[in-house]
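Thanks for sharing this one. Here are a few notes to read alongside the coordinates, starting with how the chains meet.

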Amino acid sequence: MIAIIDYGVGNLFSLSSSLHNIGLECVVTNRREIINKADKIILPGVGAFSDARKLLAKDGLDEYLIEQAGQGKPFLGICLGMQLLFDKSFEYGEHKGLGLIKGEIQPIQTQFKIPHIGWNSLSFVKDDLLTKYIKDGDFVYYVHSYCAVECDDALVAVSDYGTKVAGIVRNKNVCGTQFHPEKSGEVGLNILRAFGEI
Amino acid sequence: MITKRIIPCLDVRDGRVVKGTNFEGIKDVEDPVELAKFYNISGADELVFYDITASAEGRGLFVDVLKKVAAEIFIPLTVGGSINTVDDFDRVLKCGADKVSVNSGAIKNPSLISEAAKKYGNQCVVLSMDVKRIDGKFTVFAKGGRENTGMDALEWAVFGEKNGAGELVVNSIDTDGVKGGFDIEMLSAIGEKVNIPIIASGGAGSMEHFDTLFKTVPKVDAGLAASIFHYRQIAIKDLKTYLKNNNIEVRI
């Protein structure tokens, strides 16, 4: 079973529906005993980094998630949930992240429009379990103004937006997608399917 | 590279899809869930649902429709119609909407844009505007195009961007339903003023119209249409293949 972490940010209806759609059991929760029993964890998130970070720190949920990730459980951060996995973010100030992946979150440096909204193609940097059912060049749906930088070791796939945007990242059992797999049609479902099989 | 988006729009009243010409003469078309599924497999890049229901019962039906769509279709969903408060945002976001489009509600209460952006993020707030030429000036209309607000469309677009709108839908009343092409002049004028993604609406009648739109107004990110897709005059798949063959980046 997959635990989708509910810490008061965003709409989790589509995410849980998409997992159900591909036959994966999941539960939306912030309760430790349920997270502990789950064999995988998804950290979702939309909105501002600092607000989300504060909500996550409530009752020490952040420390608990770091501990769970440390046990080797497959862990997937989505969009802001991915950004939270990094060391720090520079969105409106400087904020500490969960420190599960090396790198930081900075404004997207591009001549194109911000936010980066829409369908962009993925270029694979290296092989990964998450990409086993999709192919290089497949399109995924992005909505964001900040992105992960200085994370070269963690890069699995990138998208070109006048700059290289980190699309999929991984450090051991902890991985993340900047785009929304639950909004990326069949390609996104195939990424979630692959995560479910890890 | 990021692609141009093709977005079918579904006007929903009492749980059914409708589409009018020049906002009048509305006629029933199809079941929204079935139509949404059809568009999804056809390659639509996102779906827009406008709730044009007047009654409370109808609003309940709309929410049911939205939930059903969001449970089965995994592409972005934008919802608009009768969005007047932050609570209205909450109501539709909980049912699976990703973005919420505000129109008359923001005209009545402009701080709705910034309040919603603060709470849900800019990416969630779509400012939709119905625009018509009045004495040669692009003017914003409210209430589905029935009421002249006297507001300058360019100023309103700039205000929206400054206050946290993440995208702009520009619907030309002058070209809507006429199928003679998008309102290139209006879209160019607004495109000059803002730097957020622009979704062009009103006037699509052929595949060439989309090609002209994306080539003449590069600042336009997406083309939105209703009747040409509902009545199968253009298949989204064919349209995207056509655009790709004309060197426009699309998701296929």
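1. Let's begin with the contact between the chains: 24 residues of chain A are in contact with 26 residues of chain B. Please keep in mind throughout that this is a predicted model. On the chain A side, the elements that contribute two or more residues are α1 (13-21), β8 (116-121), β10 (139-144) and α6 (185-197). By residue class, that side of chain A splits into 11 nonpolar, nine polar and four charged residues.

2. Helix α1 of chain A deserves a closer look, as one of the elements on the side that touches chain B. Its buried residues are Ser14(A), Leu15(A), Ser16(A), Ser18(A) and Leu19(A). What lies over them? The cover includes β1 (2-5), β2 (26-29) and α6 from chain A, together with α2 (56-72) from chain B. So that you can find the end of the helix in the backbone angles, check Gly23(A): just after α1(A), this residue has a positive phi of about 80°.

3. Now to a sheet in chain A. Four strands form an open sheet in the order β6-β5-β7-β11, and their pairing is mixed. Which strands sit at the edges? They are β6 (95-96) and β11 (146-149) of chain A, each of which pairs on one side only.

4. A last detail concerns the β6 end of that sheet. Strand β5 (residues 86-89) of chain A runs antiparallel to β6(A), and two bridges join them. If you would like a specific pair to look up, Ser89(A) has His95(A) in β6(A) as its bridge partner.

Technical notes:
Residues numbered from 1 in each chain as written. Chains lettered and ligands numbered in written order. Predicted model: local features only at pLDDT ≥ 70, side-chain atom pairs only at ≥ 80, totals over all residues. Contact = placed C-beta atoms within 7 Å. Nonpolar A, V, L, I, M, F, W, Y, C, P; charged D, E, K, R; others polar. Pairing = 2+ DSSP bridges. Buried ≥ 20, exposed ≤ 12 C-beta atoms within 10 Å, placed from the backbone.
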